[in-house]
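Good morning, and thank you for the time. I should like to take you through one model, beginning with its interior and ending at its surface.

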Amino acid sequence: MNPTQNRSKWQLLYTIKNALLLNEQLYDDACNTPFNNQLALTIVILAGVSHAFGSLFILLINRASIYLLLLALLIDVLSIIIGYYIWTLTIWKIGEWIKSTPVKLRNLLSPIGFAYAPQVLNFLTLIPLLGRPIELILALWSLLAVIIAVTQALNITTRKAGFICLIAWPLIQIAVGFIQVLEQKVVQFTN
């Protein structure tokens with residue numbers, strides 16, 4: 001591993017750790033470094049992969065074909081990534097409406113991407129009987145992280161940031177839940 005790759009790996013781990021700890025300074029600095037957009041997208045992709053592995057167990061129990069497993073994994077990962085962009089876009093539009101100064105979408109991509117760090121632990125939903133509660137806790141943790149991210153990125157009060165984030169959060173949760181149910185229906189249909 002060359003020094004640049006090693007530094008990138010440590011930067012990713014540092015960012016995930018501080019995002020999990022809801023470190024306000026991390027979210028405040030997130031918009032100031034161009035590399036952070038790539039780092040944020042990496043965290044979102046890891047969250048999607050972790051979510052996919054959480055769903056993989058159900059598919060394996062149902063003896064899904066390899067083709068169906070790959071399709072389901074792809075759908076899971078893409079649903080998280082698309083949800084990230086939709087949530088960011090919604091927050092950006094509402095932020096523009098609430099804030100008197102213009103808001104740039106790119107200033108929200110990194111902090112909101114960092115806020116997906118709790119979702120990297122989504123593979124823990126494999127734990128029998130605790131999967132759904134763990135998924136809910138991780139979703140709420142991400143919501144808190146996004147509120148902190150929006151507070152820092154838009155330089156607004158926590159109350160306003162909470163209002164902005166809570167408008168789109170249920171829609172994202174419903175969309176991801178719908179995709180999971182659709183995935184289960186596809187598995188049942190193909191078996």
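By a nonpolar core I mean a set of buried Ala, Val, Leu, Ile, Met, Phe, Trp, Tyr and Cys residues joined through side-chain atoms within 4.5 Å. Please bear in mind that this is a predicted model.

The protein has seven helices and zero strands. Its largest nonpolar core holds 48 residues, and the most contacts inside that core belong to Trp 87, Ile 91, Phe 114, Tyr 116 and Val 150. Each of helices 1 (3-20), 2 (24-29), 3 (35-61), 4 (66-98), 5, 6 and 7 (158-190) contributes at least two residues to this core. Helix 6 gives the largest share, 10 residues.

What does Trp 87 touch, if we leave out residues up to four places away in sequence? Its partners are Tyr 116, Leu 143, Val 146, Cys 165, Ala 168, Trp 169 and Ile 172. Apart from the largest core lies another, of six residues, including Leu 56, Leu 59, Leu 68 and Ala 72.

As to overall form, a compact globule of 191 residues would have a radius of gyration near 16 Å, and the protein agrees with this at 17 Å. Of those 191 residues, 44% count as buried.

I turn now to the surface. Nonpolar side chains tend to be buried together in soluble globular proteins. Here, however, a nonpolar surface patch of about 980 Å² includes Ile 45, Phe 53, Ile 61, Phe 123 and Leu 130 among its members. Phe 123 sits in the loop between helix 5 (106-114) and helix 6 (131-154). Phe 123 counts as partly exposed because its relative accessibility is 39%, and partly exposed lies between 20% and 50%.

Methods
Residues are numbered from 1 along each chain as its sequence is written. This is a predicted model: local features need pLDDT of at least 70, side-chain atom pairs count only at pLDDT 80 or more; totals for chains, interfaces and linings use all residues. Side-chain values use heavy atoms; hydrogens and water are left out. Patches are made of residues with over 30% relative accessible area and no salt bridge: like charges are joined within 9 Å, nonpolar side chains (Val, Leu, Ile, Met, Phe, Trp, Tyr) within 5 Å. Accessible areas come from the Shrake-Rupley method with a 1.4 Å probe; for residues, only the protein chains shown count as cover. A salt bridge is a side-chain nitrogen of Lys or Arg within 4 Å of a carboxyl oxygen of Asp or Glu. Helices (H or I, at least four residues) and strands (E, at least two) are DSSP runs, numbered from the N terminus. Buried means under 20% relative accessible area, exposed over 50%, partly exposed in between (1.4 Å probe, protein chains only). Contact means heavy atoms within 4.5 Å. The radius of gyration is taken over C-alpha atoms; the globule rule is 2.2 Å times the number of residues to the power 0.38.
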